[in-house]
Amino acid sequence: MTSKDMADNAANEVKSNDTERELIEIELLLEGIHRLYGYDFRNYALPSIKRRVYYHAQSENVSTISGLQEKVLHDRSAFDRLVQSLSIPVTEMFRDPELFLNFRQKIIPILRTYPYIRIWHAGCSTGEEVYSMAILLHEEGLYDKARIYATDMNNLSLQQAKEGVYGIDRMKLYTKNYLESGGTQSFSEYYTAKYDSVMFHPFLRKNIIFAEHNLATDRSFNEFNVIFCRNVMIYFNDELRNHVHGLFYDSLSHFGVLVLGAKESIHFTDYSDSYEPLDRIEKIYRKIK
């Protein structure tokens with residue numbers, strides 16, 4: 001073996017040790033969070049959780065994940081900041097307008113036949129999707145007989161959702177999305193602008209219940225006609241994704257509708273045969289078993 005081969009082997013061994021150490025540190029951090037605070041990130045996809053943990057460690061001015069663990073386990077405010085980093089809200093009003101248009105055209109006629117409508121927005125983030133649904137139901141004359149349950153594990157996001165206050169700079173995009181989703185009114189009728197923010201009108205919140213709920217650890221809490229869960233499970237590994245699909249299956253009424261969006265899929269889960277597709281592109285399914 002040449003000196004170069006020996007040097008390469010040594011470098012590979014160091015790299016392997018660093019990777020193993022890194023994995024151990026992440027596992028210990030997530031295990032500590034679960035045991036102390038009850039939040040379970042252990043089955044999140046490793047590349048995603050690793051990227052966010054390292055980014056957050058830098059923002060906390062610690063050089064190692066072990067250092068971050070010490071800070072998080074001894075300081076509740078440090079833990080709250082980490083949760084915010086691990087559950088970065090990515091949402092907007094009428095995001096993916098084609099989905100809302102299809103929902104309006106294909107699902108609303110089904111909901112009209114129900115005496116009462118329960119809808120669950122799981123992982124509602126800062127609430128834009130929830131208000132979008134409230135507006136859609138209002139325009140279709142169904143809001144008065146509907147109840148929307150909006151849940152997330154992130155309390156800071158939930159607080160903003162409850163307030164219904166958003167930056168005015170987003171309204172141009174939101175108006176565009178609204179119109180493309182089949183909106184029938186002037187979007188500005190739904191909010192009041194003040195300085196650099198807008199507040200959506202209180203009547204949109206009257207049938208919304210905001211609550212903390214962790215998809216990884218909490219159980220079903222009601223029976224629903226529709227469940228929305230978009231851009232959430234893309235961060236889960238296969239085990240957790242299958243667990244959450246079990247939760248949704250148990251929570252949907254017979255012929256209930258599951259809305260996943262184009263980026264998600266029900267395939268390769270234990271529940272794929274329990275649904276029929278209503279929209280294959282936007283991944284809208286109806287429970288049939």
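This report covers a strand hairpin, the nonpolar cores, the cysteines and the setting of His-213 in a predicted model.

## Hairpin S9–S10

Strand S9 spans residues 275-279 and strand S10 spans residues 284-287. The two run antiparallel and are joined by four bridges. Across the pair, Pro-277 of the hairpin faces Tyr-285 in S10.

Four residues lie between S9 and S10. One of the residues in this turn, Lys-283, has a positive phi of about 55 degrees.

## Nonpolar cores

The largest nonpolar core comprises 44 residues. Within this core, the residues with the most contacts are Phe-103, Leu-111, Ile-135, Leu-137, Phe-187, Phe-200 and Ile-208. Leaving aside residues up to four places away in sequence, Ile-208 touches Val-130, Tyr-131, Ala-134, Tyr-143, Ile-148 and Ala-150. A second core, separate from the largest, has 40 residues, among them Val-53, Ala-57, Trp-120 and Phe-248.

In soluble globular proteins, nonpolar side chains tend to be buried together.

## Cysteines

The structure contains zero disulfides. For Cys-124, the closest cysteine sulfur is that of Cys-229, and the 11 Å between the two sulfurs is too far for a bond. A disulfide would require the sulfur atoms to be within 2.5 Å. Seen from the other side, the closest cysteine sulfur to Cys-229 is that of Cys-124, so the 11 Å separation rules out a bond for Cys-229 too.

Are these cysteines buried or exposed? Cys-124 is buried, with a relative accessible area of 3%. Cys-229 is also buried, at 0% relative accessibility.

## His-213 and its surroundings

His-213 sits in the loop between strand S6 (208-212) and strand S7 (224-228). Ile-208, listed above among the residues with the most contacts in the largest core, falls within the residue range of S6. Although His-213 is a loop residue, its relative accessible area is 8%, so His-213 counts as buried; the cut-off for buried is under 20%.

Which residues does His-213 touch, not counting those up to four places away in sequence? They are Trp-120, Thr-151, Asp-152, Met-153, Asp-218, Arg-219, Phe-221 and Leu-247. Trp-120 in this set is also a member of the second core. With Arg-219 there is a specific polar contact: the side chain of His-213 reaches the backbone oxygen of Arg-219 at 3.0 Å.

His-213 and Leu-28 are 185 residues apart in sequence. In space, their C-alpha atoms are 24 Å apart.

Methods. Residues numbered from 1 in each chain as written. Predicted model: local features only at pLDDT ≥ 70, side-chain atom pairs only at ≥ 80, totals over all residues. Heavy atoms only, no water. Pairing = 2+ DSSP bridges. Core = buried A, V, L, I, M, F, W, Y, C linked by side-chain atoms within 4.5 Å. Buried < 20%, exposed > 50% of the residue type's maximum accessible area, 1.4 Å probe, protein only. Contact = heavy atoms within 4.5 Å. Polar contact = N/O pair within 3.5 Å; in protein donor to acceptor, adjacent residues only side chain to side chain.
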